[in-house]
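Colleague: Before I go further with this one, could you walk me through a single part of it up close? I'd like the detail on side chains and what they touch, then how that part sits in the whole.

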Amino acid sequence: MEDIDRSGFGTAGRDGPSLEDGPPIDRIESVFAVYEVQREDGRLVYYGDPLTHPERVMRELWAAFREHGYDAELETRHGEYVLVAEPTSVGIDGIPWTNLVLLLATVCSTLFAGAFWYQLDPFADPASVWQAWPFTAAILGVLGVHEMGHYVMSRYHQVDASLPYFIPVPTLIGTMGAVIKMKGRMPDRKALFDIGVAGPLAGLVATVVVTVIGLHLPPVAVSDAVVQDPNAIRIELGYPPLLELLAAGFDQPLYRNDPTMGVNPVVIGAWVGMFVTFLNLIPVGQLDGGHILRAMVGDYQETIAALVPGALFALAGYLYYFRDYSINTVFVWVLWGLLATLFASMGATTPIRDDRLGSGRLLLGVVTFGVGLLCFMPVPVMIID
């Protein structure tokens with residue numbers, strides 16, 4: 001236990017943090033009556049009694065602790081209220097080896113997947129995978145810019161966040177995307193909105209750039225043997241309205257009458273960017289759409305999020321029973337219906353200060369969801385065997 005000095009300073013000359021490292025004790029006791037203070041592994045732990053509603057305690061004290069370099073949390077231990085203040089830092093500590101290793105692995109996995117889109121055989125000629133570097137650059141570009149949008153805005157609002165973690169998986173595109181880990185508390189709705197919306201908007205700008213580049217690159221030839229092979233499995237992608245609008249605007253064809261010619265794989269990278277944008281804007285839980293909608297409408301987000309899984313399951317049922325698509329084709333919406341159920345049950349992030357957004361951010365949120373709809377495609381991938 002540490003002695004409490006009512007002037008706002010604790011006992012000096014001890015290892016680790018002391019009361020003088022945190023806010024003045026009088027400031028804390030304006031809403032939380034402290035009767036004991038302990039130091040635990042670099043944290044300041046205040047035992048006491050809230051003088052107001054616990055949520056208001058955090059709203060009142062969070063900023064004060066933040067100014068002194070701590071992230072505070074009100075907990076209960078054995079029936080007692082405990083205010084735990086943990087030192088926090090915003091930025092990168094040391095070399096992010098995990099991020100770098102995953103990035104390198106994702107470069108390899110996307111090169112391998114891209115080789116097939118370029119009609120190459122990486123098993124017969126492993127060195128040929130390097131010819132798929134434009135595909136890898138497109139995929140990592142749209143995903144990386146998306147996540148860096150979150151990261152940069154997190155730094156702006158002084159919310160601790162990790163660098164992007166890329167996820168290498170042997171799929172059609174060689175990855176399951178990228179994520180960042182939010183480590184700090186969300187101070188207010190503005191920060192929640194800005195961090196949530198920055199990823200989709202930044203990623204969308206990168207996606208548009210990649211789309212324009214890919215549309216102007218030459219198509220890829222498919223061998224006659226593959227086209228005429230009755231046992232060959234064909235994969236067809238559904239194009240979202242945004243991709244079709246850009247193709248029409250630049251007078252570059254997406255659809256060709258010649259089955260031996262396909263779009264340049266860089267366009268596939270743009271397709272990934274648009275599909276990722278739509279999925280991230282699904283308004284549930286910790287997805288970007290969940291953050292944005294929670295910031296816009298507050299607790300009403302939970303009601304809307306509860307309806308989303310049913311809508312996704314209904315879409316899968318409609319495509320399967322009324323449009324005669326195979327279960328392989330509609331499974332993507334069954335999967336995301338399950339994921340949306342999980343995300344919705346976890347809930348969205350609740351900011352410390354829950355004040356309403358201004359009209360400018362509300363309008364930007366509506367526009368962002370509107371652009372997300374332009375990235376929607378009922379049948380993203382169709383497998384024909």
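**Two buried polar side chains and a covered helix**

Modeller: Let's start with Asn-99: a polar atom of its side chain lies 2.9 Å from the backbone oxygen of Pro-164. Keep in mind that this is a predicted model. Asn-99 belongs to helix H3, which covers residues 97-117. Its relative accessibility is 11%, and because buried means under 20%, Asn-99 counts as buried. Setting aside neighbours within four places in sequence, Asn-99 is in contact with Leu-163, Pro-164 and Tyr-165. So Pro-164 turns up in the polar pair and again in the contact list.

Now over to His-146, which sits in helix H4, residues 133-156. At 3% relative accessibility, His-146 is under the 20% cut-off and therefore buried too. Its side chain also has a backbone oxygen as a polar partner: that of Gly-199, 3.3 Å from a polar atom of the His-146 side chain. Leaving out residues up to four places away in sequence, His-146 touches Gly-199, Pro-200, Gly-203, Asn-280 and Asp-288. Gly-199, Pro-200 and Gly-203 fall within helix H5 (189-215), while Asn-280 is in helix H8 (265-280).

The remaining contact of His-146, Asp-288, takes us into helix H9, which runs over residues 288-297. How much of H9 is covered? Mostly covered is the verdict, with nine of its ten residues buried. Asp-288 is one of them, and the list goes on with Gly-289, Gly-290, His-291, Ile-292, Leu-293, Arg-294, Ala-295 and Met-296. What do these buried residues pack against? Their partners are H4, H5, H8, helix H10 (300-321) and helix H12 (359-374). H4 in that list is the helix that holds His-146. After H9 comes Gly-298, with a positive phi, near 70 degrees.

As for the whole, the protein chain has twelve helices and ten strands. Of its 385 residues, 45% count as buried, and that share includes Asn-99 and His-146. Taking contacts between residues at least 6 apart in sequence, 66% join residues at least 24 apart. On the outside, the protein chain exposes about 19,300 Å², and carbon and sulfur atoms supply 61% of that area.

Note on methods. Residues numbered from 1 in each chain as written. Predicted model: local features only at pLDDT ≥ 70, side-chain atom pairs only at ≥ 80, totals over all residues. Heavy atoms only, no water. Helix = DSSP H or I, 4+ residues; strand = E, 2+ residues; numbered from the N terminus. Buried < 20%, exposed > 50% of the residue type's maximum accessible area, 1.4 Å probe, protein only. Contact = heavy atoms within 4.5 Å. Areas by Shrake-Rupley, 256 points an atom, 1.4 Å probe, with all protein chains shown as cover. Polar contact = N/O pair within 3.5 Å; in protein donor to acceptor, adjacent residues only side chain to side chain.
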